[in-house]
Amino acid sequence: MTATTSRTVCISGGTSGIGAGLVGAFIEAGDRVVTFGRDPEKVAALAQRRGQAVASGALRLLVGDVTHADFREQLVAEIRDRDGRLDVLVNNAGVILSQGDIEETVEAWRTTLEVNLIAPFALTQGFLGLLEQSAAPVVINMSSACAQHPFETCTSTSYSASKAGLEMLTQRLAMALGGRGIRVNAVAPGVVESPMWGGASDLIDSTVKRRHRLRQEAIEPCDVARAVLFLASEDARRITGACLNVDAGYALG
Ligand SMILES: NC(=O)c1ccc[n+]([C@@H]2O[C@H](COP(=O)([O-])OP(=O)(O)OC[C@H]3O[C@@H](n4cnc5c(N)ncnc54)[C@H](OP(=O)(O)O)[C@@H]3O)[C@@H](O)[C@H]2O)c1
């Protein structure tokens, strides 16, 4: 893979699971990372785990909710004032609030769409001016294998619909921003054991066994991070509007 010089990277929801893997991977690649989540305890725990990176300025952490316009403005201002540009935006923060196809509440639907679909649009819009200051700007959206088929293993209709919307948003933004040199892509993981699953190891085991066609192996956050690093790299300079499945064959059905 082509080496990259130090970039400014903003990752939403980097305090847990896949996002924490992304934070580590970009820091190890020599980039400056800004990340955030709502829970101050998770933010403090990540700061402690990554103390050296925080001390060197390679990692900056904020507490905030990506669905709040005030917080998004604060985030954009922070990066504008400290870095003067943004090279990579990873819209990773996501929630799955409930299971049950038709039993989900409208309130759960609204929140899911706010976090998983509207916030990636709003953050991209908010960062546009700073992305345009970059020599190689990239936006990467964290989709899911659930976006592509109505798998019975994911019974949250709002989650699947939000991720399907995110994949179309990825294509629309790639079209809209291509003329400005901004690439927009998505990554769609299969099942990755993370706090999002709330410790449902049995469900993960059965899902992995049935759906991960590639030797029924589990997917780790580092597998997702490799794909994101590739899409963010110069090696992917002609790739935009794409969705890269990192699902061990899950979406094959
Ligand atoms: N795990 C899987 O099997 C899997 C598969 C396919 C796709 N994905 C996608 O991958 C992404 C990461 O999932 P994960 O499994 O790593 O989940 P996770 O461990 O629950 O992490 C989610 C992250 O997003 C943050 N977050 C959630 N809502 C937020 C909000 N309103 N504002 C700011 N931050 C918020 C969380 O921090 P706070 O809670 O403190 O806010 C946390 O840092 C999600 O988009 C998810 O849909 C996951």
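The following paragraphs describe the sheet, the helix packing and the ligand shell of a predicted model.

The sheet is open and contains seven strands. Their order is β3-β2-β1-β4-β5-β6-β7, and the pairing is parallel. Strands β3 (59–63) and β7 (243–246) form the edges, each pairing on one side only. From one strand to the next, the twist averages 15 degrees. Strand β1 covers residues 8–12 and strand β2 residues 32–37. These two strands run parallel and are joined by five bridges. Within this pair, threonine 8 has arginine 32 of β2 as its bridge partner.

Helices pack on the sheet. Helix α2 (residues 40–49) touches β2 and β3. The direction of α2 makes about 170 degrees with that of β3. Angles over 145 degrees count as roughly antiparallel, so α2 is roughly antiparallel to β3. Helix α5 (residues 106–131) lies across three strands: β1, β4 (88–91) and β5 (138–142). Helix α5 runs at about 175 degrees to β4. By the cut-off of 145 degrees, α5 is therefore roughly antiparallel to β4.

Helix α5 also packs against other helices. One partner is helix α6 (residues 157–177). The axes of α5 and α6 come within 9 Å and cross at roughly 15 degrees. The two helices are therefore roughly parallel to each other. The crossing of α5 with α6 is right-handed. On the α5 side, the contact involves Ala108, Trp109, Thr112, Leu113, Asn116, Leu117, Pro120, Phe121 and Thr124. On the α6 side, Ser158, Tyr159, Ser162, Lys163, Gly165, Leu166, Leu169 and Leu173 take part. By class, the residues of this contact are 10 nonpolar, six polar and one charged.

A further partner of α5 is helix α4 (residues 69–82). The axes of α4 and α5 are 10 Å apart, and the packing angle is about 25 degrees. Angles under 35 degrees count as roughly parallel, and α4 and α5 are therefore roughly parallel to each other. Helix α4 passes α5 in a right-handed crossing. Here α4 contributes Arg72, Val76, Ile79 and Arg80. These residues meet Ala122, Leu123, Gly126, Phe127 and Leu130 of α5. The contact of α4 with α5 comprises six nonpolar, one polar and two charged residues.

Helix α1 (residues 17–28) packs with helix α8 (residues 221–232). Their axes lie 8 Å apart at an angle of about 55 degrees. Helices α1 and α8 are therefore oblique to each other. Their crossing is right-handed. Gly17, Ile18, Ala20, Gly21, Leu22 and Ala25 form the α1 side of the contact. The α8 side consists of Pro221, Cys222, Val224, Ala225, Val228 and Leu229. The contact of α1 with α8 has 10 nonpolar residues, two polar residues and no charged residues.

The shell around the ligand was examined last. There are 27 residues around the ligand. Gly13, Gly17, Gly37, Asp39 and Gly94 come nearest. Helix α1 gives the most to this shell, with three residues. Gly17 is among the residues of α1 in contact with α8, and Gly17 is also one of the residues that come nearest to the ligand. By class, the shell divides into 11 nonpolar, 12 polar and four charged residues.

Key
Residues are numbered from 1 along each chain as its sequence is written. This is a predicted model: local features need pLDDT of at least 70, side-chain atom pairs count only at pLDDT 80 or more; totals for chains, interfaces and linings use all residues. Two strands pair if DSSP finds at least two bridges between them. Helices (H or I, at least four residues) and strands (E, at least two) are DSSP runs, numbered from the N terminus. Axes are lines fitted to C-alpha atoms, for helices over the stretch in contact, and angles run from 0 to 180 degrees between N-to-C directions. Two residues are in contact if their C-beta atoms, placed from the backbone, lie within 7 Å. Angles under 35 degrees count as roughly parallel, over 145 as roughly antiparallel, 65 to 115 as roughly perpendicular and the rest as oblique. A crossing is left-handed if the near helix is turned anticlockwise from the far one by less than a right angle, and right-handed if clockwise. Ala, Val, Leu, Ile, Met, Phe, Trp, Tyr, Cys and Pro count as nonpolar, Asp, Glu, Lys and Arg as charged, and the others, Gly among them, as polar. A residue is near a molecule or strand if its C-beta atom, placed from the backbone, lies within 6 Å of it.
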